[in-house]
Amino acid sequence: MKHILYWMLLFVWVGQVEVEAKINVVTTTTDLAAIVKEIGGEEVSVQAIAKGYQDPHYVQAKPSYMRVMNRADLLVYVGLELEVGWLPLLIQGARNPQIMPGAVGHLDASVGVRRLDVPTGGVDRSMGDVHPEGNPHYWRG
Amino acid sequence: MYTCLLEDALTMKIYLSFMLVLLGFTPVLAQSIVPSKQDLHRWLQSQGSTTATGTSTAFNPAIGVNGLFLGFRTSSPLVRETAFGEEHGHEEEDDHADEGADHDDEGDVHTDEEDAHAHGLPEESGLSVQEVEVRFTAVVDAYFRADVILAIPGTEHIELEEGFIETTSLPNVTFRAGKFFGALGKHNTLHSHAYPFIDPPIANERIFGGEGLNEVGLGASMLLPTAWYSEFHAQIFNGDNALFNSAGENDFAYLGRWENLWDVSDNATLAWGGSYVFGKNEHREMTQVWGSDVTFKWRPAKRVRDRGLVLQAEYMQARVNDGLDVEKVGGLYALMQYQFARRWWAQARYDVFGMPRLEPEREYRVSGLLAFAPSEFSAIRVQYNLNREMKQNIHQFAVQLNFTMGAHPAHAY
């Protein structure tokens with residue numbers, strides 16, 4: 001059993017190597033990236049996961065995005081389940097405690113937004129692709 | 001009670017507005033502080049989640065159910081046994097006289113038979129429930145998440161297919177403990193509802209049996225600090241299957257896998273992975289299995305839902321030393337999945353088992369599949385297999401209904 005422990009220690013140790021000057025921000029959409037750039041200016045480097053021409057509902061959870069999110073100081077996403085089909089997988093795969101739900105670097109942009117079209121009563125999938133927490137397309141307003 | 005409610009700002013706002021109205025303030029004055037209709041609805045919902053008994057449902061795990069119903073027709077019965085004797089437990093063949101005592105009645109024997117093929121195609125023609133899976137998934141606390149997947153292969157009994165707990169808050173590495181599919185190549189980690197074809201590749205079925213390498217153990221997965229995506233998995237298993245069932249107390253099976261992925265363009269990726277697992281077998285000699293897999297995926301970012309192509313090939317070889325001789329068997333599959341419209345997939349697969357060799361001769365299979373998926377949660381798949389073994393052609397035809405109810409975590413890329 002002893003060498004198992006050594007292996008685990010090695011994994012944790014190798015995991016500590018990290019140096020960055022600018023604040024590394026990852027956003028899910030280019031809209032959010034533009035806002036971050038406006039606020040952060042020179043202090044931040046921003047990368048959006050979904051391309052501007054892409055439908056943010058349907059993004060492939062490519063492992064290469066996990067690598068990008070592994071190195072992020074801050075994650076900004078639209079929320080209201082817009083990215084539910086792929087973002088949880090990426091957060092889980094990124095292995096970055098700074099951007100885990102509840103951590104400082106985890107920013108759900110929908111917090112405090114006045115929600116529209118919140119379904120009253122029950123929802124089920126016979127209604128098609130409904131957003132049970134309300135319309136996530138608030139940034140268009 | 002009150003302090004608890006007042007902690008919530010929204011709750012406070014609502015209480016305050018009620019008080020203002022009660023104290024006789026005009027609605028115009030109260031307007032500034034009165035919550036919107038949506039806020040009220042949210043508030044009511046949040047209150048509703050705490051029932052009178054004090055038990056909350058808000059922290060329940062997400063629950064999903066997958067069902068696989070199968071219609072099957074074969075030109076003659078076909079059994080694919082594991083190449084290295086039976087697995088322990090329920091996969092034992094019922095015609096072994098010395099183990100007959102375990103089976104009290106006909107019913108048990110029938111279950112065993114069904115079970116051995118639960119993850120693949122049945123031996124004979126007919127209608128069947130291929131499998132029903134119930135999955136519970138949730139974060140445990142700020143440090144762990146857990147998955148429990150119960151499988152009902154056929155209709156008779158329930159088993160723990162996977163049940164593990166995983167760290168979420170460590171940098172770059174995930175530790176895992178419990179029962180889970182070993183990271184041996186691409187196919188071995190899939191649940192049967194996510195198989196690209198209705199049945200598993202011959203190599204997986206013949207080397208590890210229908211269940212695959214699915215054991216109780218510990219694992220660590222680490223993201224490497226490379227310029228491309230690169231991940232290393234190290235896993236240790238108790239070793240309860242036919243390949244690693246040594247009687248020794250400290251005889252574990254050890255697995256390593258190195259996985260890499262490159263973005264060829266915005267629309268395509270190329271992945272390569274290599275796996276190796278070794279441990280002692282029942283003869284207290286070494287069993288080694290190695291595998292290599294390559295995957296190309298293309299999906300135009302502008303039309304993510306309408307077009308896609310997957311090309312994948314995987315080779316796996318087992319070397320089992322039984323004390324006298326080293327037995328070496330391996331197999332390869334290559335598959336193509338092409339999505340030609342939003343709801344339609346056309347697929348082809350070629351399988352060969354017996355590389356470098358197999359006595360008396362190699363087994364071959366060619367498969368074609370057409371899938372119609374009305375939504376992400378249902379699919380109807382039709383598959384044809386041409387099997388070639390023992391100088392005989394066996395034709396198989398299968399129709400599968402694949403559905404998902406409730407919460408289902410997104411599938412890995």
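The questions and answers below look at chain A and the nonpolar cores of this predicted model.

Residues are numbered from 1 along each chain as its sequence is written, while chains are lettered from A and ligands numbered from 1 in the order in which they are written. Because the model is predicted, local features need pLDDT of at least 70 and side-chain atom pairs count only at pLDDT 80 or more, whereas totals for chains, interfaces and linings use all residues.

Trainee: In what order do the elements of chain A run from the N terminus on?

Mentor: Helices (H or I, at least four residues) and strands (E, at least two) are DSSP runs, numbered from the N terminus. Chain A has four helices and four strands, and their order is α-β-α-β-α-β-α-β.

Trainee: Which residues of H4(A) are buried?

Mentor: A residue is buried if 20 or more other C-beta atoms, placed from the backbone, lie within 10 Å of its own, exposed if 12 or fewer, and partly exposed in between. What covers the buried residues of this helix includes H3 and E3 of chain A. They are A:Leu87, A:Leu90, A:Ile91, A:Gly93 and A:Ala94.

Trainee: Which residues have the most contacts inside the largest nonpolar core?

Mentor: Such a core is a set of buried Ala, Val, Leu, Ile, Met, Phe, Trp, Tyr and Cys residues joined through C-beta atoms within 7 Å, and a contact likewise requires two C-beta atoms, placed from the backbone, within 7 Å. The largest core has 38 residues, and strands E6 (214-223) and E7 (229-237) of chain B are among the elements that each supply at least two of them. Those with the most contacts inside this core are A:Met69, A:Leu75, A:Val76 and A:Leu90.
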